[in-house]
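Student: Could you take me through one part of this model up close? I'd like to follow a single strand and whatever it pairs with on either side.

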Amino acid sequence: MALPAMRPLGCLWSLMRAYEPLPMINRRFISTAYSKRPEKLPLPQDMPPQFLSQIPLRFRPDPDRQPLKIYPAPPSARKACKDPIGAVTESQLAVLDPKGERKAMFDYRRNPRSVKPGDIVRVTFKNGDPFNGVVLSIKLRGIETSFLLRNELTRVAVEMSVKVFSPNVNSVEIVQRSEKKRRRARLYFMRDRKHDRRSVENIVANYVRQKKAFLGGGNRRR
Amino acid sequence: MIQLKTLLSCIDNSGASIVECVNVLKKKRPATIGQSPIQSPPLRGRTRINQMLCAGDRIVVVVQKQRSAGSEATTAAALANKVRRGDIRHAVVVRVKKELQRPDGSLVRFGDNACVLVNKSGDPIGTRMNGVVGQELRNKKWSKILSLAPVHV
């Protein structure tokens, strides 16, 4: 019941509403003590069975329910073999390169007599056909060590990457050392026209002729 | 990696010097010299993947440039040309610039992309070839091309 005379006072309430304190929901103060979640209480042992129907279905004791079986973790393969790739490399090297000759021949970081980038090399394969070329790079990768050869055959550049420990490789011969000291390990700039060595067939043919004269046609294996 | 619009040099004496690939036959991926088929057990419920990989190195090309292409179209050399500019022919890829892995792990890369023109039955149109070709052709029954080629790598 609002009298017409009290109408102007009625708007005062609406003004006051803005200053009302917020409702006390989700309010937590520093003084609020943290309480642990209450633990689940087991059902009383001597509960009469007629009360069971009052308990929600998921809390009722189930005689058929069995605890989950926990299996032990399988034995760790990592513990059995610490360095599997190293082990495979070693076992393969023992088969493919028992004397370590090939490894020494391409270990250009340690062996000063090894093949080096920039050398001209002649590779003979098992099926008999050779491939000659300048060594552009040697990739030392354990059993997958390979070297990249570049040559020009019938005025077409041909590059071939050969695996050092491949059983298909019969022999690798150094035909000519690079004439100047190479400061780089990867001579990919030799693909440019300016630095291209072009064909090395003549040099290799010369070498083969000399070798035949020297050895009397024998085929020396390195 | 020969695909649509790739320009290849033609290394036989059929008369074409530069050709353009317009289609790769029997293959859903760019043509190459061709991998040798690697035998693997067939996957259950699928076709053999390796069959797709070793399917083909045959392409369809358009002759873009003729050998001895000049104003004198009536010279003997031009008459000897078996194909003309604008002809659509089949070809076999013999060199690719993209490196190719052999079954023994070695890689081969050529300086250019090249092909040899063949007719529909697979016989080379030219009678002579100049230039090195890939050895992969051996597995692919292109021995005719291999015997014509001066060098194979």
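Tutor: Let's begin at Ser161(A): its bridge partner in β6(B) is Leu107(B). Keep in mind that this is a predicted model. That pair belongs to an antiparallel match between β4(A) and strand β6 of chain B, residues 107-110, joined by four bridges. Step back to the whole contact and you find 13 residues from chain A and 16 residues from chain B. On the chain A side, the largest share comes from strand β4, residues 156-163, which supplies eight residues. Sorted by class, the side of chain A that touches chain B has seven nonpolar, four polar and two charged residues.

Now turn to the partner of β4(A) within its own chain. Ser161(A) is also the bridge partner of Leu148(A), and β3(A) and β4(A) run antiparallel over eight bridges. These two strands make a hairpin with two residues between them. One residue to look at there is Thr154(A), in the loop between β3 (146-153) and β4 of chain A. Its phi is near 45°, positive although the residue is not a glycine. Most residues other than glycine have a negative phi. How buried or exposed is Thr154(A)? It has 16 other C-beta atoms within 10 Å, so it counts as partly exposed; buried would take 20 or more.

Go one strand further and β3(A) itself is a different story from that turn residue: seven of its eight residues are buried, so the strand is largely enclosed by the rest of the structure. Its other pairing is with strand β2 of chain A, residues 130-139, antiparallel over five bridges. In that pairing Val134(A) stands opposite Arg150(A) of β3(A). β2(A) and β3(A) also form a hairpin, here with six residues between them, and Gly142(A) in the turn has a positive phi of about 65°.

For a contrast in burial, look at α5(A). One of its 15 residues is buried, so the helix lies largely in the open. Its length works out too: at 1.5 Å a residue, the 15 residues of α5(A), 201-215, should span 21 Å, and the end C-alpha atoms are 21 Å apart, which agrees. Just after the helix, Gly216(A) takes a positive phi of about 70°. In the loop between β5 (169-176) and α5 of chain A sits Arg198(A), another residue other than glycine with a positive phi, near 55°. Arg198(A) has 13 C-beta neighbours inside 10 Å and counts as partly exposed.

Conventions
Residues numbered from 1 in each chain as written. Chains lettered and ligands numbered in written order. Predicted model: local features only at pLDDT ≥ 70, side-chain atom pairs only at ≥ 80, totals over all residues. Contact = placed C-beta atoms within 7 Å. Nonpolar A, V, L, I, M, F, W, Y, C, P; charged D, E, K, R; others polar. Pairing = 2+ DSSP bridges. Expected span 1.5 Å × (residues − 1). Buried ≥ 20, exposed ≤ 12 C-beta atoms within 10 Å, placed from the backbone.
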